[in-house]
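Please work through the exercises below with the sequence and the model side by side, trying each task before reading its solution.

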Amino acid sequence: MALLEIRVLGDPVLREETRPVEAVTDEVRQLVDDMFETMYAAKGIGLAAPQVGRTERIAVVDVDGARYALVNPEIVAADGKRRGEEGCLSIPDIYADVERNAHVVVRALDRDGKSFEVDAADLLAVCLQHEIDHLHGKLFVDYLSVLKRRAAMAKWAKEKDRYPGYVRTIVPGESDSEHPEEEL
Ligand code: GNR
Ligand code: NI
């Protein structure tokens with residue numbers, strides 16, 4: 001297993017369309033395992049391949065113990081509306097309210113290449129939509145109004161200097177805030 005570097009806003013890989021995985025090989029399983037390790041170390045509830053610089057259509061999530069590796073995930077049903085605060089490991093310390101479907105059904109392949117469906121509500125549904133967006137180059141800040149997006153980008157303009165080369169190195173055990181003094 002290995003910790004992967006997380007790419008932050010400004011890295012073009014976050015804006016790329018991913019390519020479907022043709023076969024769930026040992027290499028794919030290795031990437032899934034490394035993504036889980038990286039997500040846990042970063043204290044995230046989800047992680048998509050572009051966030052670790054990869055263009056395969058792969059994401060992982062763990063929302064309160066509901067843990068899924070998702071290869072080639074797609075939303076097959078969606079309903080309801082829900083607004084909630086989102087954050088992203090690729091846009092550290094920026095948070096904003098986003099409207100999402102309250103309920104989604106997602107179909108994907110698991111780490112054995114077997115098709116499954118997850119019927120999700122609440123935070124798990126939000127996280128799945130957030131990750132699938134990543135797989136299409138879309139970020140939560142894209143949903144903000146012009147004014148809110150401008151405010152978020154002004155804050156990010158200061159934050160981004162902490163990530164030279166758009167790379168964020170995760171240190172296990174380190175606070176998820178990049179500025180621990182701000183937690184006081
Ligand atoms: O850790 C994360 N928390 C989160 C909170 C609300 C909505 C979505 C998320 S996903 C995010 C991890 C991440 O950036 N995944 O791509
Ligand atoms: Ni994200």
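**Exercise 1: polar contacts of the ligand**

Starting from Gln51, whose side chain places an N or O atom 2.7 Å from an oxygen atom of ligand 1, list further polar contacts of ligand 1, a polar contact being a pair of N or O atoms within 3.5 Å. This is a predicted model, in which local features need pLDDT of at least 70, side-chain atom pairs count only at pLDDT 80 or more, and totals for chains, interfaces and linings use all residues. Residues are numbered from 1 along each chain as written, chains are lettered from A and ligands numbered from 1 in the order in which they are written, and side-chain values use heavy atoms, without hydrogens and water.

Solution. A polar side-chain atom of His130 is found 3.2 Å from an oxygen atom of ligand 1. Turning to the backbone, an N or O atom of Gly46 lies 3.1 Å from a nitrogen atom of the ligand. The protein buries 89% of the 380 Å² that ligand 1 exposes when taken alone (Shrake-Rupley method, 1.4 Å probe).

**Exercise 2: the shell**

How many residues surround ligand 1, and which element supplies the largest share of the shell?

Solution. Counting residues with a heavy atom within 4 Å, one finds 13 around ligand 1, with Ile45, Gln51, Leu89, Glu131 and His134 the closest. Helix 2 gives the largest share, four residues (helices are DSSP runs of H or I, at least four residues, and strands are runs of E, at least two). By class, the shell comprises four nonpolar, six polar and three charged residues, where Asp, Glu, Lys and Arg count as charged and Gly is among the polar ones.

Conventions:
A polar contact is a pair of N or O atoms within 3.5 Å; within protein, one must be able to donate a hydrogen and the other to accept it, and residues adjacent in sequence count only if both atoms are side-chain atoms.
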